[in-house]
Amino acid sequence: MIKLVRVDHRLLHGQVIFSWTKQMSVNYIIIVDDKVPNDPISVMALSIAKPTDCELSIIPFSQLKSLVEEKKNKNIMILIKGPEEALKLVEQLPEVTEINFGGVAKKSDSKQYGKAVFLNPQELKATQDLIALGKKVYIQMVPTSQVESADFSK
C-alpha cells in the first residue's frame, strides 16, 4: 500500500526520511527517477542513507507500476525529485490522491511557495496540472510540522 508520495529534490536524506518512515510505518522505499538508477555514485549514497528497517528500490519510471503492484503488501513511500516527476507518477498510478512537497530547490527563475519549496514556471504548471487532476498537493517538511499554506494558482 502506498503510504506517502513525496517530492524532495534531495530524495533520501536524514531526519526527514526517518521521521516520515516511522510516522507512516513505511518498510519499503521506492525512488523513481529516469537518471538516478544509472548513476552508481547516487545509488550507493542513497543505499547508505536508507533506514535499516526499510527495503529500497531505485528504479526508472518504466518499472514503477509493476513494482508497486509486486510490493502492494508493503507500506510504501515513493520519492521523486520534483513536480514534473509527480505528474509523470500519477499518470502511471492514478490511485495516488495526495502528494507531499518537502523540498524543491531554489532556481534563478523560481518563486517561493513554502519554506523549502521554490517552483519555476514549468514546475508550477506541473503542480497546477496535479491539482486539476484532483490530487491534493500539500507542503509539509516532517510529520510533526504544520502543513504550510500555499497558493499554487499564481
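This dialogue treats one helix and one group of aromatic rings in a predicted model.

Q: On what basis are the values computed?
A: Residues are numbered from 1 along each chain as its sequence is written, and side-chain values use heavy atoms, with hydrogens and water left out. The model is predicted: local features need pLDDT of at least 70, side-chain atom pairs count only at pLDDT 80 or more, and totals for chains, interfaces and linings use all residues.

Q: Which residues of helix 5 are buried, and why do they line one face?
A: An α-helix has 3.6 residues a turn, so residues three or four places apart point the same way. Helices are DSSP runs of H or I, at least four residues, and strands are runs of E, at least two, numbered from the N terminus. In helix 5, the buried residues (under 20% relative accessible area, 1.4 Å probe, protein chains only) are E123, L124, A126, T127 and L130. Seen down the axis of helix 5, they fall within an arc of 160° (taken from the directions from the helix axis to the C-beta atoms), so they line one face. On the other side, P121 and A132 are exposed, that is, over 50%.

Q: How is an aromatic pair read, and which rings form a cluster?
A: A pair of aromatic rings is described by the distance of the centres and the angle of the planes. Rings of Phe, Tyr and Trp (its six-membered ring) pair if their centres lie within 6.5 Å; planes under 30 degrees apart count as stacked, over 60 as edge-to-face and the rest as tilted. The count comes to 2 aromatic pairs. The rings of Y113 and F152 have centres 5.5 Å apart and planes at 25°, so this pair is stacked. Y113 lies in strand 6 and F152 in the segment after strand 8, 39 residues apart. Ring pairs link F101, Y113 and F152 into a cluster.
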